[in-house]
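Hi,

Here is the structure I said I would pass on. Have a look at it first, and then read my notes below.

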Amino acid sequence: MSTHFLKETKKVLLIDEYLSEEKLSNLIQAADVAVFPFQRVTTSSSVFHTFSAQKAVIAPKIGFICDFPKDTGIYYSPNTQGNLSQSMMFAFTHKEKLKVMANSGYRYAAKFTWKEAAKKTRKMYQNLLHS
């Protein structure tokens, strides 16, 4: 593997850098679960991308991530030391639950289509014009 991987074991691959969409997609496809240890987040596209790849996520309860259904992944409080590692250990010891979470995330992501986004955008503009 390339030198940008900081730590690699049979179970965990730590990448501490920005990833292109293509790299992110390839890694998510190869993973059992995607871990996003954000300290702050402005969007949640990487998490949503993981849902559409039918994979479970581990992420902190911050920002937009709080809006995702709880059954789509393992969401931890970032303010308590050890919560991330406990969440990862849970994932490694409960693989069958990861599959259920992945399916829930996939169903959640499937509800969002460009057609629906266009309808909501049109409705928003119509409301603005009529207010």
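A word on naming before anything else: helices and strands here are DSSP runs, at least four residues for a helix (H or I) and at least two for a strand (E), numbered from the N terminus. By that count Ile62 falls in the loop between β4 and β5, with β5 covering 73–76.

Keep in mind that this is a predicted model. The protein chain averages a pLDDT of 86, and 92% of the residues score at least 70. Residues 1–8 are the stretch to watch, with pLDDT below 50. That stretch still has 13 contacts in the model beyond near neighbours in sequence, but where pLDDT is low, the predicted coordinates should not be read in detail.

**Overall picture**

The protein chain has 5 helices and 5 strands, and from the N terminus on they run β-β-α-β-α-β-β-α-α-α. Along its principal axes, the C-alpha trace spans about 55 × 30 × 25 Å. Of the 131 residues, 31% count as buried. The accessible surface comes to about 9400 Å², with 56% of that belonging to carbon and sulfur atoms. If you take the contacts with a separation of 6 or more, residues 24 or more positions apart account for 43% of them. As for charge, there are 18 positive and 10 negative ones, and their mean positions sit 7 Å apart.

**Helix α2 and what follows it**

I spent some time on α2, residues 45–52, where you will find Thr50. Ser46 is in α2 as well. The two are linked: the side chain of Thr50 reaches the backbone oxygen of Ser46 at 2.8 Å. Thr50 has a relative accessible area of 0%, so it is buried. Ser46 has 16%, and since buried means under 20%, Ser46 counts as buried too.

What does Thr50 touch, leaving aside its neighbours within four places in sequence? Its contacts are Ile28, Ala34, Phe36, Lys55, Ala56 and Val57. With the same neighbours left aside, Ser46 is in contact with Leu24, Ile28, Phe36 and Phe38. Ile28 and Phe36 therefore turn up on the contact lists of both Thr50 and Ser46, counting heavy atoms within 4.5 Å.

Further along, Gln54 lies in the loop between α2 and β4 (56–60). Its phi is near 60 degrees, a positive value in a residue other than glycine. That caught my eye because most residues other than glycine have a negative phi. Gln54 is partly exposed, with a relative accessible area of 35%.

**Two loop residues**

Back to Ile62: is this loop residue buried or exposed? At 16% relative accessibility, Ile62 counts as buried. Leaving aside neighbours within four places in sequence, Ile62 is in contact with Phe38, Gln39, Arg40, Val41 and Pro78. For Val41, the C-alpha to C-alpha distance from Ile62 is 7.2 Å, with their positions 21 residues apart in sequence.

Ser20 is the other one, in the loop between β2 (13–15) and α1 (21–30). Its side chain reaches the backbone nitrogen of Lys23 at 3.1 Å. Ser20 counts as partly exposed, at 31% relative accessibility.

Shout if you would like to go through any of this together.

Cheers

Key:
Residues are numbered from 1 along each chain as its sequence is written. This is a predicted model: local features need pLDDT of at least 70, side-chain atom pairs count only at pLDDT 80 or more; totals for chains, interfaces and linings use all residues. Side-chain values use heavy atoms; hydrogens and water are left out. Buried means under 20% relative accessible area, exposed over 50%, partly exposed in between (1.4 Å probe, protein chains only). Accessible areas come from the Shrake-Rupley method with a 1.4 Å probe; for residues, only the protein chains shown count as cover. Lys and Arg count as positive and Asp and Glu as negative; His and the chain ends are not counted. The place of a charge is taken as NZ of Lys, CZ of Arg, CG of Asp or CD of Glu. pLDDT is the predictor's confidence in each residue, from 0 to 100. A polar contact is a pair of N or O atoms within 3.5 Å; within protein, one must be able to donate a hydrogen and the other to accept it, and residues adjacent in sequence count only if both atoms are side-chain atoms.
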